[in-house]
Amino acid sequence: MSMMTKQKIRIVGADWIAAEKFWLFGTARYVDGSAVRRCTLVRDAKHYFNTVDRAVLNRKDYDEGRRLQRLVFHEQGMFGTNAHFHFFIKGTHLRQYKHILHLCEGNWSRHIKAASDCKVLDNIELIHERKFYCWKEF
C-alpha cells in the first residue's frame with residue numbers, strides 16, 4: 001500500500017470518527033503490556049465492554065444484542081511491546097455521560113486480571129483534536 005493511500009485512509013477514517021461525535025475517549029493499559037498477547041487483549045476488551053454495556057443498557061436491549069456505540073483500537077506500542085487499547089464511546093442519551101465515564105474508568109481494573117489503569121477523557125469539546133490519534137499505528 002502506498003504512502004499516499006495510507007494517508008487518504010487516515011484522513012477519511014479520522015473524519016468519520018469526528019462525524020460520529022463520540023462523548024468519551026479512553027486508554028486502557030496493563031501492568032505489563034509486554035506480557036499480553038493480541039488474543040488476550042481482544043478477549044479482555046470484549047469482556048470489559050460487556051461489563052459496561054450490562055451496567056448502562058436495560059436487560060432487553062442487552063439481550064437483543066444492542067450495545068453502546070464505540071470504536072476500539074488495539075495497539076502494541078511503538079516497539080510492539082506495550083499492549084493496550086484506545087476507544088471512543090457514547091451512550092444513547094446524554095444523561096448517561098457521567099455514568100459511562102465512571103464505569104469505564106472503574107470496570108477495567110475491577111474486571112480485568114492484569115489491568116493497570118483506564119484513563120477516560122471528555123471528547124465532546126475535542127471531537128476534532130483526537131480524531132487522528134488512533135491512526136498513528138496504521
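Select Arg66 and Glu64. Their side chains meet in a salt bridge, 2.6 Å from N to O. Arg66 is partly exposed, at 40% relative accessibility. Glu64 is partly exposed too, at 44%. Keep in mind that this is a predicted model.

Next, pick Arg59 and Asp63. They form another salt bridge, with the closest N and O atoms 3.0 Å apart. Both sit in helix α3, four residues apart, so about one helical turn separates them. Arg59 counts as exposed, at 66% relative accessibility. Asp63 counts as exposed as well, at 51%.

Now go to Asp117 and Arg29. Their salt bridge brings the closest N and O atoms to 2.8 Å. Asp117 belongs to strand β4 and Arg29 to strand β1, so the pair ties together parts 88 residues apart in sequence. Asp117 is partly exposed, with a relative accessible area of 28%. Arg29 is partly exposed, with 41%.

Add Asp53, Arg67 and Arg70 to the selection. Salt bridges link these residues in a network. How many salt bridges does the count come to? Seven.

**Helix α1**

Select residues 3-20, which make up α1. The helix has 18 residues and reaches 26 Å from its first C-alpha to its last, close to the 26 Å expected. Color Arg10, Gly13, Ala14, Ile17 and Ala18: they are buried. Look down the helix axis. The buried residues fall within an arc of 135°, so they line one face of α1. What covers them includes β2 and β3. Turn to the face directed away from the buried side. There you find the exposed residues Met4, Lys8, Val12 and Ala19.

Step on to Lys21. This residue lies in the loop between α1 and β1. Its phi is near 55°, a positive value in a residue other than glycine. Most residues other than glycine have a negative phi. Is Lys21 buried or exposed? Lys21 is exposed, with a relative accessible area of 54%.

**Helix α2 and the core**

Select 38-56 for α2. This helix has 19 residues and reaches 27 Å from first C-alpha to last, close to the 27 Å expected. Its buried residues include Thr40, Leu41, Asp44, Tyr48 and Phe49. Asp53, already seen in the salt-bridge network, is buried here too. The cover over the buried residues of α2 includes β1, α3, β2, β3, α4 and β4.

Show Tyr48, Phe85, Phe87, Ile89 and Trp108. These have the most contacts inside the largest nonpolar core, a set of 27 residues. β1, α2, β3, α4 and β4 each supply at least two residues of this core. Zoom in on Tyr48. Beyond its neighbours within four places in sequence, its contacts include Phe85, Phe87, Cys104, Trp108 and Cys118.

Apart from this core lies another, of seven residues. Select Ile17, Phe22, Leu71 and Phe73, which are among them. You have met Ile17 before, as a buried residue of α1.

**Two cysteines**

Finish with Cys104 and Cys118. Why is there no bond between them? Their sulfurs are 6.2 Å apart, too far for a bond. A disulfide needs the sulfur atoms within 2.5 Å. The count comes to zero disulfides. Cys104 is buried, with a relative accessible area of 0%. Cys118 is buried as well, with 9%. Both are in contact with Tyr48.

Methods:
Residues are numbered from 1 along each chain as its sequence is written. This is a predicted model: local features need pLDDT of at least 70, side-chain atom pairs count only at pLDDT 80 or more; totals for chains, interfaces and linings use all residues. Side-chain values use heavy atoms; hydrogens and water are left out. Buried means under 20% relative accessible area, exposed over 50%, partly exposed in between (1.4 Å probe, protein chains only). A nonpolar core is a set of buried Ala, Val, Leu, Ile, Met, Phe, Trp, Tyr and Cys residues joined through side-chain atoms within 4.5 Å. Contact means heavy atoms within 4.5 Å. The expected span of a helix is 1.5 Å times one less than its number of residues. The arc is that of the directions from the helix axis to the C-beta atoms. A salt bridge is a side-chain nitrogen of Lys or Arg within 4 Å of a carboxyl oxygen of Asp or Glu.
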